[in-house]
Amino acid sequence: MTKKKKRKVLKWKRVAALFFAVFSIIIFSAAFVLMSDDSYMGKTLDLLEENGMPMELEIPDENISIYKKAGEKYNMDWRLLAAHHRVETRFSTMDTLVSPVGAEGHMQFMPCTFIGWAHPSCEGLGEGNIPEEELTDPEAIEMYGGYGVDANDDGVADPYDLEDAVFSAANYLSQNGASDGELEKAIFLYNRSDEYVEDVLGFYENYKTKHP
């Protein structure tokens, strides 16, 4: 190769490297803006995970005391609750806290699971036809055999209240085997998916390492 051709190749390599650097700066800057704005963060994470790029999210410090209190009450590892919260709604950062099939709140309860399947409107997937006042009424939940919990004693068991939702999830997991060490069974019954079980257990093991 002549010196002239070598200089030309070198020039194009430098141009390509510069272009890549500028492109990377633009992409990372856009990602920073999106992730810094709560109104865009959920949509951004949705898009990334839908395309096979799960984001590593740290357990929010302000949530840990809630997980620990619920874990202590229902005799289970608080880090399992954190793992469920991570998988269900990415620590409540999803663009919406209502799933396409009707699961609601921070921990994604189907209304009929929350209030109890004995409710007369409960069938199919469990969306039901339940007024909000009834869905969140602790007395109605007790009557219909649901898992909803009024954790903060305000008279309402609300799947959109983080404390109530986490305690409700702990109640469900505990009654379905988690408090007896049957983690895979309890996790599967929460969402009836082998992939879901793998995801929750994966984050659970990760959190046990990071939060010994």
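In this predicted model, a good place to start is where two helices meet: N63, I66, Y67, K69, A70 and K73 in helix 3 touch L162, E163, V166, F167 and A170 in helix 8. Sorted by character, the residues of this contact come to 7 nonpolar, 1 polar and 3 charged. From here we can look at how the pair is arranged, then at the core, and finally at a disulfide.

**How helix 3 and helix 8 pack**

- Two packed helices are described by the angle between their axes and the distance between the axes.
- For helix 3 and helix 8, the angle is about 35° and the axes are 9 Å apart.
- The crossing of helix 3 with helix 8 is right-handed.

**A closer look at helix 3**

- Helix 3 covers residues 61-73, and its buried residues are N63, I64, I66, Y67, A70 and G71.
- An α-helix has 3.6 residues a turn, so residues three or four places apart point the same way.
- Try tracing N63, Y67 and A70 in the structure: these buried residues of helix 3 also belong to its contact with helix 8.
- The cover over the buried residues of helix 3 includes helix 4 (78-89) and helix 8 (162-175).
- Just after helix 3 comes N75, which has a positive phi of about 55°.

**The largest nonpolar core**

- The largest nonpolar core contains 49 residues, and those with the most contacts inside it are I59, Y67, M76, L81, F109, V166 and Y190.
- Two or more residues come from each of these elements: helix 3, helix 4, helix 5 (111-115), helix 7 (138-144), helix 8, helix 9 (183-191) and helix 10 (194-210).
- Helix 8 is the biggest contributor to this core, giving 8 residues.
- Which residues does V166 contact, leaving aside its neighbours within four places in sequence? They are I66, Y67, A70, L81 and M107.

**The disulfide**

- The model has 1 disulfide, formed by C112 and C122 with their sulfur atoms 2.1 Å apart.
- C112 sits in helix 5 and C122 in the loop between helix 5 and helix 6 (132-135), so the bond ties together parts 10 residues apart in sequence.
- The torsion about the S-S bond of C112 and C122 is about -100°, which means that the disulfide is left-handed.
- Are C112 and C122 buried or exposed? C112 counts as buried because its relative accessibility is 0%.
- C122 is buried too, with a relative accessible area of 14%, where the cut-off for buried is under 20%.

Technical notes: Residues numbered from 1 in each chain as written. Predicted model: local features only at pLDDT ≥ 70, side-chain atom pairs only at ≥ 80, totals over all residues. Heavy atoms only, no water. Buried < 20%, exposed > 50% of the residue type's maximum accessible area, 1.4 Å probe, protein only. Helix = DSSP H or I, 4+ residues; strand = E, 2+ residues; numbered from the N terminus. Contact = heavy atoms within 4.5 Å. Core = buried A, V, L, I, M, F, W, Y, C linked by side-chain atoms within 4.5 Å. Disulfide = S-S within 2.5 Å. Axes fitted to C-alpha atoms, helices over the stretch in contact; angles between N-to-C directions. Left-handed = near helix turned anticlockwise from the far one by under 90°. Nonpolar A, V, L, I, M, F, W, Y, C, P; charged D, E, K, R; others polar.
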